[in-house]
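Got the model open? Here's a walk through it, one selection at a time.

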Amino acid sequence: MHLARFPRLSLGHFPTPLEPLPALSAYLGGPTLYIKRDDATGLATGGNKTRKLEFLLAEAVAQHADIILTQGATQSNHVRQTIAGAARLGLQTHYFLERRVDDFGEEYQRSGNVLLDDLLGGERVDHLPAGADMPLAMEAHAEQLRAQGRRPYVIPGGGSNATGALGYVAAAEELLYQSSQQRLRIDHIVHATGSTGTQAGLVAGLAATHSGIPVLGISVRAPREKQEENVWLLAQRVWQKLALKGEVPREAVRVNSDYVGQGYGIPTAATLEALQLLARLEGILLDPVYSGKAMAGLIDLIRKGEFGKQDNVLFVHTGGAAGLFGYRQWFERQAE
Ligand SMILES: *Cc1c(COP(=O)(O)O)cnc(C)c1O
């Protein structure tokens, strides 16, 4: 595997810390928990999209793009990081938002990531209803721009294509290096999975290095079979891009979709509990859409005895805390 073959920019602070979670581990009574702080990638409050954007925006530059297009849900962390990364290159971002969750009120519509998108200088082209064909909207806008002589570079939702997922192949190398430096045996990796790039990259990178570390994605949206299929398809494309022999073993792709609750972006009681636990025991801010749900899943699986007491479990914190400010009313409801 030779990642340096692909164009890459430096947009974040890497390596991100890999640290123990002593208070949470003690609270749960084992396994021993660790955290990979991909919330701390440094780009405009950070998050997992920064790794993908190092490869995606490098490709945009290589193609002489003069404007970036992307899309996401209203409180998208991906859109925020894309605008920030492009700004550093002197490129503007045109973006589309989808009202994927609809009736959360004023702060959800205006604060959190939405406020930051604006501050970072992105230009919102449209705010479309739930279920809108977002790739189509982007392609139509890209066509218009091309007709005006512009050179748009279109980044899919979540930055999840084979180029973006290379960011998580790099993350796999990074965490393996840290684990050997720290003499830390990692028995399991757990993280939130949505648009699939994070898990596809990790799984491909960990398989390519024959690490033998199992990865479990906690789905924030799709049912297990569908999410596993989509992760696997992307992992295979990453594998081909890396010109590796054979294929990604299907059984290396494991997803649990038991913690989605009512749907994407709708926190469950367990999500709010996980947010509070990490905040109060470890001083770490999770987010209500992704990392909070994934941590709620991890805690529940621990309570059900799914991990050995002697295991070392690494949680990848994928970021998103900026979105908390769009969710104030959920914490008030809980307090009632
Ligand atoms: C996008 C995102 C994820 C999911 O990563 P995918 O690569 O889309 O599966 C997880 N956590 C946060 C905070 C995100 O913004």
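Start by selecting residues 10-319: the C-alpha atoms at the two ends sit 18 Å apart, and the span is 44% helix and 17% strand. Helices (H or I, at least four residues) and strands (E, at least two) are DSSP runs, numbered from the N terminus. The span carries the UniProt annotation "domain: Tryptophan synthase beta chain-like PALP", from an unreviewed entry; UniProt positions are given in the numbering used here, the feature name is shortened, and such annotations may be inferred rather than shown by experiment.

A word on ground rules: this is a predicted model, so local features need pLDDT of at least 70 and side-chain atom pairs count only at pLDDT 80 or more, while totals for chains, interfaces and linings use all residues. Residues are numbered from 1 along each chain as its sequence is written, and side-chain values use heavy atoms, with hydrogens and water left out.

Next, colour by domain. Domain 1 is 18-47 + 161-333, and domain 2 is 48-155; the bounds come from an automatic or database domain assignment. Their C-alpha centres are 24 Å apart. Select the contact between them (heavy atoms within 4.5 Å) and you'll pick up 36 residues from domain 1 and 26 residues from domain 2.

How much area is buried between domain 1 and domain 2? About 2600 Å², with carbon and sulfur atoms giving 56%. Buried area here is the accessible area (1.4 Å probe) that two parts lose on being put together, summed over both. Show Leu 43, Thr 163 and Tyr 264 as sticks: they supply 22% of the area that domain 1 buries against domain 2, more than any other three residues.

Now look for charges and polar pairs. The interface of domain 1 and domain 2 has 3 salt bridges, each a side-chain nitrogen of Lys or Arg within 4 Å of a carboxyl oxygen of Asp or Glu. Zoom in on Arg 51 and Glu 174, whose side chains form a salt bridge at 2.9 Å, N to O. Between the two domains, 14 residue pairs are in polar contact, both at pLDDT 80 or more. A polar contact is a pair of N or O atoms within 3.5 Å; within protein, one must be able to donate a hydrogen and the other to accept it, and residues adjacent in sequence count only if both atoms are side-chain atoms.

Staying on the domain 1 side, highlight α7 (162-181), α8 (197-208) and α12 (328-335), the elements that give two or more residues to the side touching domain 2. α7 gives the most, with 8 residues.

Zoom out, and the structure holds 19 salt bridges. Pick Arg 8 and Glu 54, which pair at 3.2 Å, N to O. Arg 8 lies in the segment before β1 (18-20) and Glu 54 in helix α2 (residues 49-62), so the pair ties together parts that are 46 residues apart in sequence.

Last, some backbone oddities. Pro 15, in the segment before β1, follows Phe 14 through a cis peptide bond, omega near 0°. The bond from Gly 30 to Pro 31 is cis too, with omega near 0°; Pro 31 is in the loop between α1 (22-28) and β2 (32-37). Finish at His 64, in the loop between α2 and β3 (67-73), which has a positive phi of about 60° although it is not a glycine.
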